[in-house]
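Trainee: Before we begin, could you show me the structure and then take me through how to read its features one by one?

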Amino acid sequence: MEFGVGIFFTDYSISPAELAVALEERGFDSLWAPEHSHIPVPRRTPMPGGGELPKRYYDVMDPFVTLTAAAAVTKRLKLGTGVCLVIQRDTIQTAKLVASIDQISNGRFLFGIGGGWNAEEIENHGAVFATRFKKMREQIEAMKEIWTRSEPEYHGEIVDVPKMRTWPKPVQKPHPAVIVGGAFPHSARRAIRYADGWVPTASRPPYGDVTDFPPQFRQMAAEAGRDVATIPVTIFGAPENLDRLKRFRDQGIARAVVTLPSAKGDEILPVLDRWAELIRQTMH
């Protein structure tokens with residue numbers, strides 16, 4: 001099992017470059033950056049799990065910018081969007097962004113995607129909240145054409161891409177891993193249908209504990225004719241608890257991602273040191 005870190009990069013957090021170097025030095029395999037373009041005011045959509053929406057959601061930087069900064073100072077660290085709200089982005093331009101960062105990083109990009117929960121934010125971009133997941137699937141299908149063909153085109157019910165020529169193509173072949181984020185069972189079904197991985201959250205009401213789901217996920221994959229080995233599971237929000245981490249490992253979880261606060265290095269680096277020891281203990 002590998003270990004990654006997720007963080008909302010802001011103008012008051014540790015910088016992407018500083019964190020990326022620290023992660024690579026301590027044996028982490030990946031860095032994940034989430035996305036919100038903005039938070040509408042007022043908003044009617046409650047935060048998943050309830051409670052007040054943290055300030056970092058309003059302040060988070062663009063993930064492609066922060067991950068590019070991280071790519072420039074590292075050699076091994078994988079760089080993931082955790083997650084990219086593709087439904088709020090232009091399909092053609094996002095395909096170019098993904099291919100470009102995969103080139104800049106020499107094939108280290110992980111394309112985590114999600115349909116989002118904030119209806120007002122999504123609608124501000126001209127997307128329809130009720131059909132966002134259909135749009136997301138069609139966008140990914142179109143992007144795969146763009147990444148793998150010299151003259152791609154795609155014609156869906158929502159997404160339409162005319163025949164074109166566009167480069168660069170990704171370093172990874174046929175393309176970077178597309179990893180669907182979200183709760184069981186709906187996002188798991190999406191991952192099985194058209195993706196290369198699934199990202200549930202470790203624990204979020206009312207979805208229960210993620211350790212309940214791997215057997216069902218494997219059964220769903222088998223019923224759909226997918227080899228579950230081609231859909232590795234990454235868990236976001238991994239707890240600082242050795243017993244649970246070993247349970248993840250024993251259940252075949254591919255990667256556990258630690259969520260860090262949007263804080264400066266003097267607060268973050270000691271946390272990473274504790275996790276480096278947990279990683280060592282988990283792997284022995």
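Mentor: What follows goes from the overall fold to a helix and then to single residues, and please keep in mind that this is a predicted model.

Trainee: Where should I start, and how many helices and strands does the protein have?

Mentor: Start with the inventory and the overall dimensions: the protein has 10 helices and 10 strands, and its C-alpha atoms fill a box of roughly 50 × 45 × 40 Å along the principal axes.

Trainee: What does the radius of gyration say about a chain of 284 residues?

Mentor: The general idea is to set the value beside the one expected for a compact globule, which for 284 residues would be near 19 Å; the protein has 18 Å, and this agrees with such a globule. Burial can be read alongside that value, since a residue is called buried when its relative accessible area is under 20%, and 52% of the 284 residues count as buried. As for the surface, the protein exposes about 12,700 Å², of which carbon and sulfur atoms supply 52%.

Trainee: What share of the contacts joins residues at least 24 apart in sequence?

Mentor: Taking the contacts between residues at least 6 apart in sequence, 70% join residues at least 24 apart.

Trainee: How should I read the buried residues of a helix, and which ones are buried in H1?

Mentor: The general idea is that an α-helix has 3.6 residues a turn, so residues three or four places apart point the same way. In helix H1, residues 16–25, the buried residues are Pro 16, Leu 19, Ala 20, Ala 22 and Leu 23. Seen down the helix axis, these buried residues fall within an arc of 165°, so they line one face of H1. They pack against strands E1 (2–6) and E2 (30–33) and against helices H3 (63–72) and H10 (265–282). Just after H1, Gly 27 takes a positive phi of about 90°.

Trainee: Which residues does Val 5 touch, beyond its neighbours within four places in sequence?

Mentor: Val 5 is found in strand E1, and it counts as buried because its relative accessibility is 1%. Its contacts beyond those neighbours include Leu 19 and Leu 23, both of which are among the buried residues of H1. Val 5 is also in contact with Phe 28, Ser 30, Leu 31, Trp 32, Val 257, Val 258, Leu 260 and Leu 272.

Trainee: Is Asn 106 buried or exposed, and what is its phi near?

Mentor: Asn 106 is exposed, with a relative accessible area of 62%, and its phi is near 60°, a positive value in a residue other than glycine. It sits in the loop between helix H4 (91–104) and strand E4 (109–113).

Trainee: Where are cis peptide bonds found, for example the one at Pro 168?

Mentor: For such a bond, look at omega: Trp 167 and Pro 168 are joined by a cis peptide bond with omega of about 5°, and the bond from Lys 173 to Pro 174 is cis as well, with omega near 0°. Pro 168 lies in the loop between E6 and E7, and Pro 174 lies in the loop between E6 and E7 too.

Trainee: Why does His 175 count as buried, and what does it touch?

Mentor: His 175 belongs to the loop between strand E6 (160–161) and strand E7 (178–181), and it counts as buried because its relative accessibility is 13%. Leaving out residues up to four places away in sequence, His 175 touches Lys 144, Trp 147, Thr 148, Pro 170 and Asp 196.

Definitions and conventions: Residues are numbered from 1 along each chain as its sequence is written. This is a predicted model: local features need pLDDT of at least 70, side-chain atom pairs count only at pLDDT 80 or more; totals for chains, interfaces and linings use all residues. Side-chain values use heavy atoms; hydrogens and water are left out. Helices (H or I, at least four residues) and strands (E, at least two) are DSSP runs, numbered from the N terminus. The radius of gyration is taken over C-alpha atoms; the globule rule is 2.2 Å times the number of residues to the power 0.38. Buried means under 20% relative accessible area, exposed over 50%, partly exposed in between (1.4 Å probe, protein chains only). Contact means heavy atoms within 4.5 Å. Accessible areas come from the Shrake-Rupley method with a 1.4 Å probe; for residues, only the protein chains shown count as cover. The arc is that of the directions from the helix axis to the C-beta atoms.
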